[in-house]
Amino acid sequence: MNPDTSLVGKKIRQIREAMGLSRPKFAELLQVPPTTLKNYELGYREVGGAFLVALSQHPELHKYTLWLLADTTVPEAGQVSPES
């Protein structure tokens, strides 16, 4: 398991849980199969670029993009972490 793959998957799970969504509901929101999301979250599969683009462009999820990709936040620009 690639540590980077695992970290991104864990962050995706943190975002999903912060939104209070089940894995199937979050997968539906991003138009991916629930098993794909599960594989991402558990680090079994590398997160694809198309998924990251879909997440970053989604109106409800855009605010987590900088934290997800760069592990930083800029609250004044609307970029937060799930803990915010």
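**Exercise 1: the nonpolar core**

Task: In this predicted model, which residues of the largest nonpolar core touch the most other members?

Solution: Start with the general idea. In soluble globular proteins, nonpolar side chains tend to be buried together. Now look at the model itself. The largest nonpolar core holds 16 residues. Those touching the most other members are Ile12, Ile15, Phe26, Leu37, Phe51, Leu55 and Leu61. Next, ask where the core residues come from: helix H1 (3-18), H2, H3, H4 and H5 each supply at least two of them. To finish, zoom in on Leu55. Leaving aside residues up to four places away in sequence, Leu55 touches Ile15, Phe26, Leu30, Leu61, His62 and Leu68.

**Exercise 2: a pair of rings**

Task: Find the aromatic pair and work out which kind of pair Tyr40 and Phe51 form.

Solution: A pair of aromatic rings is described by the distance of the centres and the angle of the planes. There is one aromatic pair to find. The centres of Tyr40 and Phe51 are 5.0 Å apart, and their planes make an angle of 65°. Planes over 60 degrees apart count as edge-to-face, so that is the name for this pair. Now place the two rings: Tyr40 belongs to helix H3 (residues 34-41) and Phe51 to helix H4 (residues 49-57), so the pair ties together parts that are eleven residues apart in sequence. Both Tyr40 and Phe51 are buried.

Another ring to look at is that of Trp67. The charged end of Lys11 sits over this ring, 4.7 Å from its centre.

**Exercise 3: Leu29 and its surroundings**

Task: Is Leu29 buried, partly exposed or exposed, and which residues does Leu29 touch?

Solution: First locate Leu29, which is in helix H2 (residues 23-29). Its relative accessibility is 26%. Buried means under 20% and exposed means over 50%, so Leu29 counts as partly exposed. Then list its contacts: not counting residues up to four places away in sequence, Leu29 touches Leu21, His58, Glu60 and Leu61. For a longer view, take Val74, 45 residues away from Leu29 along the chain; their C-alpha atoms are separated by 25 Å.

**Exercise 4: positive phi**

Task: Where do Gln31 and Asp71 lie, and what are their phi values?

Solution: Most residues other than glycine have a negative phi. Gln31 has a positive phi, near 60°. Gln31 is placed in the loop between H2 and H3, and is exposed, with a relative accessible area of 72%. Asp71 also has a positive phi, near 55°. Asp71 lies in the segment after helix H5 (65-70) and is exposed, at 55%.

Technical notes
Residues are numbered from 1 along each chain as its sequence is written. This is a predicted model: local features need pLDDT of at least 70, side-chain atom pairs count only at pLDDT 80 or more; totals for chains, interfaces and linings use all residues. Side-chain values use heavy atoms; hydrogens and water are left out. Rings of Phe, Tyr and Trp (its six-membered ring) pair if their centres lie within 6.5 Å; planes under 30 degrees apart count as stacked, over 60 as edge-to-face and the rest as tilted. Helices (H or I, at least four residues) and strands (E, at least two) are DSSP runs, numbered from the N terminus. Buried means under 20% relative accessible area, exposed over 50%, partly exposed in between (1.4 Å probe, protein chains only). A charge sits over a ring if NZ of Lys or CZ of Arg is within 6 Å of the ring centre and within 35 degrees of the ring normal. Contact means heavy atoms within 4.5 Å. A nonpolar core is a set of buried Ala, Val, Leu, Ile, Met, Phe, Trp, Tyr and Cys residues joined through side-chain atoms within 4.5 Å.
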